[in-house]
Amino acid sequence: MTNDLVIVGAGGMARETAATVAAINAAAPTWRLRGFLDDDPALHGVTHAGLPVLGPLDAIADLPDAAVVVCVATARDPGVREQVVRRLGLPAGRYATVVHPSAEVPAGCTVGPGSVLLAQVVLTADVTLGAHVAIMPQTVLTHDDIVSDHVTIASGVRISGSVRVGRGAYLGAGALIRESLTVGAKSIIGMGAVVLNDVPPDEVWAGNPARFLRPVRQPTLQGVLPR
């Protein structure tokens with residue numbers, strides 16, 4: 001038996017999630033993916049990744065039985081996914097958790113509703129992921145990591161043990177995080193950064209070793225979904 005699923009957003013992360021859903025269905029039919037929702041009227045009726053853009057976000061009211069996954073992410077505004085979730089106002093039970101068949105999620109690890117784990121993500125032991133967390137391919141989270149809601153972790157990130165990542169943070173591709181650190185809420189870690197110290201909330205850190213670059217500029221997208 002398959003269940004209806006709708007992806008909110010129609011950009012890169014949304015299409016990557018659609019590919020993950022296809023991989024899940026190839027292993028065991030699970031989802032009937034209806035298409036995407038996006039507020040850009042130029043996209044309505046357009047086909048992305050073989051699926052239609054069904055209409056704006058408000059069209060979710062026409063799909064009361066469909067599960068939902070919010071697939072928007074950008075380092076320009078690490079809080080954008082949380083904004084969309086709040087706007088939708090759906091109960092937690094409406095949100096799907098999408099995990100690629102090649103991802104490793106052993107017993108003792110937990111993944112919150114609405115989260116997406118793409119190909120070859122590895123959780124090693126007792127990792128806790130909150131709701132609406134997005135993890136891109138080939139990322140490794142090791143023992144006792146705690147990742148709060150709405151965090152985005154780009155591809156190839158390596159997080160050592162007992163790290164805490166605050167709500168809505170964005171970790172750029174290839175970043176390395178030393179053990180037992182805290183990455184603050186809505187902070188941004190640059191691509192390839194080597195983080196050796198705690199990162200306060202709402203700050204951008206980059207480099208090797210990573211250092212403070214500037215405060216996070218909030219807000220930036222003003223409600224426009226990233227492509």
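Me: Two strands pair if DSSP finds at least two bridges between them. What makes β7 and β10 a pair in this sense?
Reply: The model is predicted, and in it β7 and strand β10 (residues 128-129) are joined by 2 bridges. The cut-off is at least two, so β7 and β10 count as paired, in the parallel sense. One facing couple is T110 and T128, the latter in β10.

Me: Why are β7 and β19 said to stand at the edges?
Reply: The strands follow the order β7-β10-β13-β16-β19 in an open sheet of 5, with parallel pairing. β7 (110-111) and β19 (182-183) each have a single partner strand, so one side of each is left without a neighbour in the sheet.

Me: Which strands stand at the edges of the sheet β9-β12-β15-β18-β21, and why?
Reply: This open sheet also has 5 strands, in parallel pairing. Its edges are β9 (122-123) and β21 (194-195); each has a single partner strand, so one side of each lacks a neighbour in the sheet. For β9, that partner is strand β12 (residues 140-141), paired in the parallel sense over 2 bridges. V122 stands opposite V140 in β12.

Me: How do you know that β22 pairs with β20 and with β23, and is each pairing parallel or antiparallel?
Reply: Strand β20 (residues 188-189) and strand β22 (residues 203-206) share 2 bridges and pair in the parallel sense. I188 has V204 of β22 as its bridge partner. Between β22 and strand β23 (residues 211-215) there are 4 bridges, and these strands run antiparallel. With a threshold of at least two bridges, both count as pairs. Across the second pairing, E203 stands opposite P215 in β23. The hairpin of β22 and β23 has 4 residues between the strands, and G207 in this hairpin takes a positive phi near 105°.

Me: How do you know that the length of α1 agrees with its number of residues?
Reply: Helix α1 (residues 12-27) has 16 residues, which at 1.5 Å a residue should span 22 Å. Its end C-alpha atoms lie 23 Å apart, so the two values agree.

Me: Why are the buried residues of α1 said to line one face of the helix?
Reply: Buried means under 20% relative accessible area, and M13, A14, T17, A18, T20, V21 and I24 of α1 are in that class. Down the axis of α1, the buried residues fall within an arc of 160°, so they line one face. An α-helix has 3.6 residues a turn, so residues three or four places apart point the same way.

Me: What does the UniProt annotation cover, and how much of that span is helix and strand?
Reply: The unreviewed UniProt entry places "domain: PglD N-terminal" on residues 4-88. In the model, residues 4-88 are 29% helix and 27% strand, with the end C-alpha atoms 17 Å apart.

Methods: Residues are numbered from 1 along each chain as its sequence is written. This is a predicted model: local features need pLDDT of at least 70, side-chain atom pairs count only at pLDDT 80 or more; totals for chains, interfaces and linings use all residues. Side-chain values use heavy atoms; hydrogens and water are left out. UniProt positions are given in the numbering used here, feature names are shortened, and annotations may be inferred rather than shown by experiment. The expected span of a helix is 1.5 Å times one less than its number of residues. Buried means under 20% relative accessible area, exposed over 50%, partly exposed in between (1.4 Å probe, protein chains only). The arc is that of the directions from the helix axis to the C-beta atoms.
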